[in-house]
Amino acid sequence: MNIDTGMVNAFQEGATDLDPETREMIERRKALLGPAYRLFYDKPLHLVRGEGAWLFDQEDNAYLDAYNNVTSIGHCHPKVVEAIATQAGVLATNTRYIHGSILDYAERLLNTMPDEIGHMMFTCTGSDANDLAVRIAQAYTGGLGIVVTETAYHGITQSVSEFSPSLGANVDLGPHVRTVPAPDAYRQGEDMAANFATAVEAAFADLKRHGIKPALFICDGIFASDGVFDGPRGFLKGAVDAAHAAGAVYIADEVQSGFGRTGDALWGFQRHDVVPDLVTMGKPMGNGYPVAGVAVRPELVEEFGRKARYFNTFGGNAVAIAAATAVLDVIEGEGLTENAREIGAYLQDGIRARAEAHPCIGDARGAGLFLGVEIVSDRAAKTPDAAATSAIVNGLREERVLISACSKTHNVLKIRPPLVFTRENADQFLAAFDRVLARIK
């Protein structure tokens, strides 16, 4: 099946009747922003404000946000807003001047990492972070070869888009890139971990066979774009060992799974008892303010730093660090990692309970507040049902609940509520889910 994964849950021109105001705004957007941008849903949303777990349209209708992981501690969290405003009114400058806040934050963040990780470098976005991490990895190994999963998303810079297959068939992968099937325990069962390690080993062997020296294996801890694959715990170790055996380093992309989202720990890789060589982060780091970074083993960056200076005008500026510090304060102070574990389990149990009455639910999985629900047309055959998945996503949008979809076959509901999601919010989600499932039988 040849599916453009970049079009998951994307608005299609002519796909639905739209009110005149929405149609006019879509046409104006296309005229001003060009053809490359995409909108969500059959009927796109016009949002004007957000608060906590809620988004509001121009008519002040409230939508329960169960998707936007960027504002992971809730939309417009007052502590983050205050931190940004206060710092912007005092100083906003770059890292070529001495400033204490970046040092305090770096030290605090490194204290959440394994002892082997010793340096922090700051960027603006997760794409920037992955771009920098690749430069460091390639400088350290002397290689170019990269192994990723076959529907991975790691960013949009030129070099990172070359190993982001989820951008679609029209965005070419680099000749130095090899893809491996996602670690799908739903279909592979107990063999999944061994199969995944073997696939990574074979991918690096193929790179070598074609004269390309291995450099890195990169994945996110929850395989977010591949279909949300959470376990079993520890299954990633064999693949990391295979990368190291090939002379490559392991980059843990925590842009989506980091900062408490998976519920067990602050970082997704910690669920697998592995120690990365580099850790990249972004999106929820500033709750919407552009700040991202790379945590790295000192020996990896030593030669890179000796030969090439690193400078990023906005990466790690004082306002960005103020936002990031406030986010970490809230995660720790409000117990949001624990909340993700508790409410995520409650929400996942609620979805699984509905599988008995709704055979389209093939599997419900995830960790913390990062869930995937496999929608199938034949539960015994585990046949992906992209059409029903789209109907559920758009049905929930009509119920004013926002989620999206992912996976190579477009049939996995992707559910990522903010970490402040409550049991009441979970019940609201499940009630809407019931109504939508009843309509698409």
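This short talk covers one pocket, one buried asparagine and two strand pairings in a predicted model.

Good morning. Let me begin with the pocket. The second largest pocket in this predicted model holds about 350 Å³ of space. Its lining consists of 15 residues. Those nearest the centre of the pocket are T95, I102, M120, M121 and F122. In terms of secondary structure, helix α3, spanning 100–110, supplies at least two residues of that lining, and so does strand β4, spanning 119–123. As for chemical class, the lining has 10 nonpolar residues, 4 polar residues and 1 charged residue.

I turn next to strand β4 itself. Of its 5 residues, 4 are buried, and the strand is thus mostly covered. Its pairing partner is β10, residues 292–296; the two strands are antiparallel and share 5 bridges. Within this pairing, T123 has A292 in β10 as its bridge partner.

Now to N312. Where does N312 sit? The residue belongs to the loop between α9, which covers 298–307, and α10, which covers 318–333. Is N312 buried or exposed? Its relative accessibility is 15%, and because buried means under 20%, N312 counts as buried.

The side chain of N312 has two polar partners to point out. One is the side chain of Y310, joined to that of N312 by a polar contact of 3.3 Å. The other is the backbone nitrogen of G315, which lies 2.8 Å from a polar atom of the N312 side chain.

Which residues does N312 touch beyond its neighbours within four places in sequence? They are T95, F122, T123, C124 and D128. Two of these names have come up in connection with the pocket: T95 and F122 are among the residues nearest the pocket centre. T123, also in contact with N312, is the residue paired with A292.

Finally, I come to a separate sheet. Four strands make up an open sheet with mixed pairing, in the order β1-β2-β3-β14. The edge positions are taken by β1, residues 47–51, and β14, residues 401–402; each has a single partner strand, so one side of each lacks a neighbour in the sheet. The partner strand β2 covers residues 54–57 and runs antiparallel to β1, with 4 bridges between them. In that pairing, E51 stands opposite W54 of β2.

To close, I would draw your attention again to N312, a buried loop residue in contact with T95 and F122.

Methods
Residues numbered from 1 in each chain as written. Predicted model: local features only at pLDDT ≥ 70, side-chain atom pairs only at ≥ 80, totals over all residues. Heavy atoms only, no water. 1 Å grid on protein atoms, 1.4 Å probe; cavity = no way out; pocket = protein on both sides within 12 Å on 5 of 7 lines; lining within 4 Å. Points joined across faces, edges and corners; volume = space filled by probe spheres on them. Nonpolar A, V, L, I, M, F, W, Y, C, P; charged D, E, K, R; others polar. Buried < 20%, exposed > 50% of the residue type's maximum accessible area, 1.4 Å probe, protein only. Polar contact = N/O pair within 3.5 Å; in protein donor to acceptor, adjacent residues only side chain to side chain. Contact = heavy atoms within 4.5 Å. Pairing = 2+ DSSP bridges.
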